Amino acid sequence: QRQVEARLQEDVKSARQDSEEERQRRQELELLWHLSVRDQQTDLERLCSLEVQRAESACRHRTVEDDLRQQLERAERALAQARASLEEGGPSEQLQLEIKVCEEVKMELEVKLDLATLDAEREAQREARDA
């Protein structure tokens with residue numbers, strides 16, 4: 001009887017120990033799972049942040065290019081208007097000066113637009129390499 005009780009107590013003790021070890025293993029697995037999820041979330045947050053930065057950069061470049069295009073269109077209209085006034089017989093010295101200024105402004109804006117476009121292309125290539 002005592003041997004059976006002793007064996008039974010050992011079995012209960014062993015079962016409790018197994019249960020405790022299993023609980024600890026389960027806790028470790030849960031912790032590892034949470035850490036893994038957190039790491040994945042951090043990675044996703046970093047990726048999202050990079051995508052937001054890329055989109056903002058592209059938007060800035062488009063805005064600069066759009067601004068320059070609008071300025072260029074205005075300069076072209078002013079140039080066309082000054083040439084038309086000259087052809088209509090307006091004061092030639094003043095109109096020739098205005099035409100010269102408009103042509104210079106137009107060339108400067110074309111160069112700036114080309115540079116902005118190249119900048120945007122280089123930025124896009126750099127971002128593609130970094131991705």
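**Reading a two-helix packing**

Author: In this predicted model, helix α1 (residues 2-87) packs with helix α2 (residues 92-130) at an angle of about 160°, and their axes are 8 Å apart.

Reader: How should I read a pair of numbers like that? What describes two packed helices?

Author: The general idea goes like this: the angle between the axes and the distance between the axes describe two packed helices. Now for the case here. Angles over 145 degrees count as roughly antiparallel, and therefore α1 and α2 are roughly antiparallel to each other.

Reader: Is the crossing of α1 past α2 left-handed or right-handed?

Author: Left-handed, that's how α1 passes α2. As for what lines the contact of α1 with α2, its residues split into 16 nonpolar, 7 polar and 14 charged.

Reader: Let's pick out a charged residue, then. Where is glutamate 65, and is glutamate 65 buried or exposed?

Author: Glutamate 65 sits in helix α1. To judge burial, go by relative accessible area: under 20% is buried. Glutamate 65 has 9% relative accessibility, so glutamate 65 counts as buried.

Reader: And which residues is glutamate 65 in contact with, leaving aside neighbours within four places in sequence?

Author: Those are Leu113, Ala116, Thr117 and Ala120. With threonine 117 there is also a polar contact, side chain to side chain, at 3.1 Å.

Reader: What about glutamate 76, where does that one lie, and how far is glutamate 76 from lysine 106 in space?

Author: Glutamate 76 is in helix α1 too. A good habit is to set the separation in sequence beside the separation in space. Glutamate 76 and lysine 106 are 30 residues apart in sequence, and their C-alpha atoms are 6.7 Å apart. On accessibility, glutamate 76 comes out at 34%, so it is partly exposed.

Reader: Try another pair for me. What separates the C-alpha atoms of aspartate 43 and glutamate 73?

Author: Here it's 45 Å, with the two positions 30 residues apart along the chain. Aspartate 43 belongs to helix α1, and with a relative accessible area of 42% aspartate 43 is partly exposed.

Reader: Now over to helix α2. What can you tell me about glutamate 121, which lies there?

Author: Glutamate 121 is partly exposed, at 43% relative accessible area. From the C-alpha atom of glutamate 121 to that of aspartate 67 is 17 Å, and the two are 54 residues apart along the chain.

Reader: One last residue: where is valine 111, and how far apart are the C-alpha atoms of valine 111 and arginine 16?

Author: Valine 111 is in helix α2. Its C-alpha atom and that of arginine 16 are separated by 81 Å, the two residues being 95 apart along the chain. Valine 111 is partly exposed, with 48% relative accessible area.

Key: Residues are numbered from 1 along each chain as its sequence is written. This is a predicted model: local features need pLDDT of at least 70, side-chain atom pairs count only at pLDDT 80 or more; totals for chains, interfaces and linings use all residues. Side-chain values use heavy atoms; hydrogens and water are left out. Axes are lines fitted to C-alpha atoms, for helices over the stretch in contact, and angles run from 0 to 180 degrees between N-to-C directions. Helices (H or I, at least four residues) and strands (E, at least two) are DSSP runs, numbered from the N terminus. Angles under 35 degrees count as roughly parallel, over 145 as roughly antiparallel, 65 to 115 as roughly perpendicular and the rest as oblique. A crossing is left-handed if the near helix is turned anticlockwise from the far one by less than a right angle, and right-handed if clockwise. Ala, Val, Leu, Ile, Met, Phe, Trp, Tyr, Cys and Pro count as nonpolar, Asp, Glu, Lys and Arg as charged, and the others, Gly among them, as polar. Buried means under 20% relative accessible area, exposed over 50%, partly exposed in between (1.4 Å probe, protein chains only). A polar contact is a pair of N or O atoms within 3.5 Å; within protein, one must be able to donate a hydrogen and the other to accept it, and residues adjacent in sequence count only if both atoms are side-chain atoms. Contact means heavy atoms within 4.5 Å.
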